[in-house]
Amino acid sequence: MDFHAIAQRAIGDMPPETRFRPEDAEVIRAHRDLILPLAEEYVTSFYDVLFAHEPTRAVFEEGERPEREATQVDFFRRIVEGPHDDEFFAWLAFVGPVHVVRQVSNPMMLAMLDYMVLYVMKKFRGHENADAVTEAFVRLAATLGAIISYGYEVAWQEALQNVVGMPPALVQRMVHEEAQRMFPLRSHGAAS
């Protein structure tokens, strides 16, 4: 899988106003001394939420929470510290297939990205730069979600192609045709 291409495609599909921008990275970097100390508390609350909900708790094996928490602390630190370059975004594209292997659904993953934003928003409530920090995290979460979910989608497609032995273009066309059959909606100016 070409993780750089996945990241660039996902970012390219996002309207520019919704993407993580260099200005957002600057805002986060400027406040990292306030954000990074939140990592441990954030991660504990993150996993408390996951383990309190049966469908998300079922993703985990017995006794692995400490290891997953350490991974999440590293993830949080990396998204705060950057650098937010092509390698960073390609790494995020790799995270999507990891979620496929773990049987984490996109709704689970996207909900927890939202949880991250809400957590930071609550911690910065009343801070003079609360709006800027929150907006930076909103665009960061949107970009992470786009890249990770697109990586997840590509991983599924490639796995299907490998299993059935069909060329990617044929699989894409068959999926599109089946979707049109299942959901016969008017599309691209076609008459209904």
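**Group meeting: helix α1, the salt bridges and a surface patch**

Let me start with helix α1, whose buried residues are covered by parts of the chain that include α7, residues 86–102, and α9, residues 130–164. Please keep in mind throughout that this is a predicted model.

Which residues of α1 are the buried ones? In this helix, which spans residues 3–13, they are Ile6, Ala7, Ala10 and Ile11. Around the helix axis these residues cover an arc of only 125°, which puts them on the same side of α1. At the N-terminal end of α1 there is a cap provided by aspartate 2, where a side-chain oxygen lies 3.2 Å from the backbone nitrogen of histidine 4.

Stepping back to the chain as a whole, its secondary structure amounts to 10 helices and zero strands. The chain has 192 residues, of which 40% count as buried, and its C-alpha atoms fill a box of roughly 50 × 45 × 30 Å along the principal axes. If we take the contacts between residues at least 6 apart in sequence, 79% of them join residues at least 24 apart. The chain exposes about 11,400 Å², and carbon and sulfur atoms supply 57% of that area.

Now to the charged side chains. Side chains of opposite charge can pair when their charged atoms come close. The structure holds 15 salt bridges, and I will go through three of those pairs.

In one of them, aspartate 24 pairs with arginine 139, and the closest N and O atoms are 2.8 Å apart. Aspartate 24 lies in helix α2, residues 22–30, whereas arginine 139 lies in helix α9, so this salt bridge ties together parts that are 115 residues apart in sequence. Are these two partners buried or exposed? Aspartate 24 is buried, and arginine 139 is buried as well.

Another pair joins glutamate 64 to arginine 102, with the closest N and O atoms 2.5 Å apart. This pair links distant parts of the chain, given that glutamate 64 sits in the loop between α5 (54–57) and α6 (65–81), while arginine 102 belongs to helix α7, 38 residues apart. With a relative accessibility of 8%, glutamate 64 counts as buried, whereas arginine 102, at 25%, counts as partly exposed. Salt bridges that share partners also join Arg21, Glu23, Asp24 and Arg139 into one network, and that brings back the aspartate 24 and arginine 139 pair I described a moment ago.

Glutamate 64 has a further salt bridge, formed with arginine 68, in which the closest N and O atoms are 3.1 Å apart. Both arginine 68 and glutamate 64 are buried.

Let me turn, finally, to the surface. Here Leu160, Val163, Val164 and Val175 form a nonpolar patch, and together they have about 360 Å² of accessible area. Which helix gives the most to this patch? That is α9, with three residues. Valine 175, for its part, is found in helix α10, and with a relative accessible area of 49% this valine is partly exposed.

Between α9 and α10, the latter spanning residues 168–182, there is a loop that contains glycine 165. Glycine 165 is exposed, at a relative accessible area of 61%. To return to where α1 begins, the C-alpha atoms of glycine 165 and aspartate 2 are separated by 19 Å, although these residues stand 163 residues apart along the chain.

Conventions. Residues are numbered from 1 along each chain as its sequence is written. This is a predicted model: local features need pLDDT of at least 70, side-chain atom pairs count only at pLDDT 80 or more; totals for chains, interfaces and linings use all residues. Side-chain values use heavy atoms; hydrogens and water are left out. Buried means under 20% relative accessible area, exposed over 50%, partly exposed in between (1.4 Å probe, protein chains only). Helices (H or I, at least four residues) and strands (E, at least two) are DSSP runs, numbered from the N terminus. The arc is that of the directions from the helix axis to the C-beta atoms. Contact means heavy atoms within 4.5 Å. A polar contact is a pair of N or O atoms within 3.5 Å; within protein, one must be able to donate a hydrogen and the other to accept it, and residues adjacent in sequence count only if both atoms are side-chain atoms. Patches are made of residues with over 30% relative accessible area and no salt bridge: like charges are joined within 9 Å, nonpolar side chains (Val, Leu, Ile, Met, Phe, Trp, Tyr) within 5 Å. Accessible areas come from the Shrake-Rupley method with a 1.4 Å probe; for residues, only the protein chains shown count as cover. A salt bridge is a side-chain nitrogen of Lys or Arg within 4 Å of a carboxyl oxygen of Asp or Glu.
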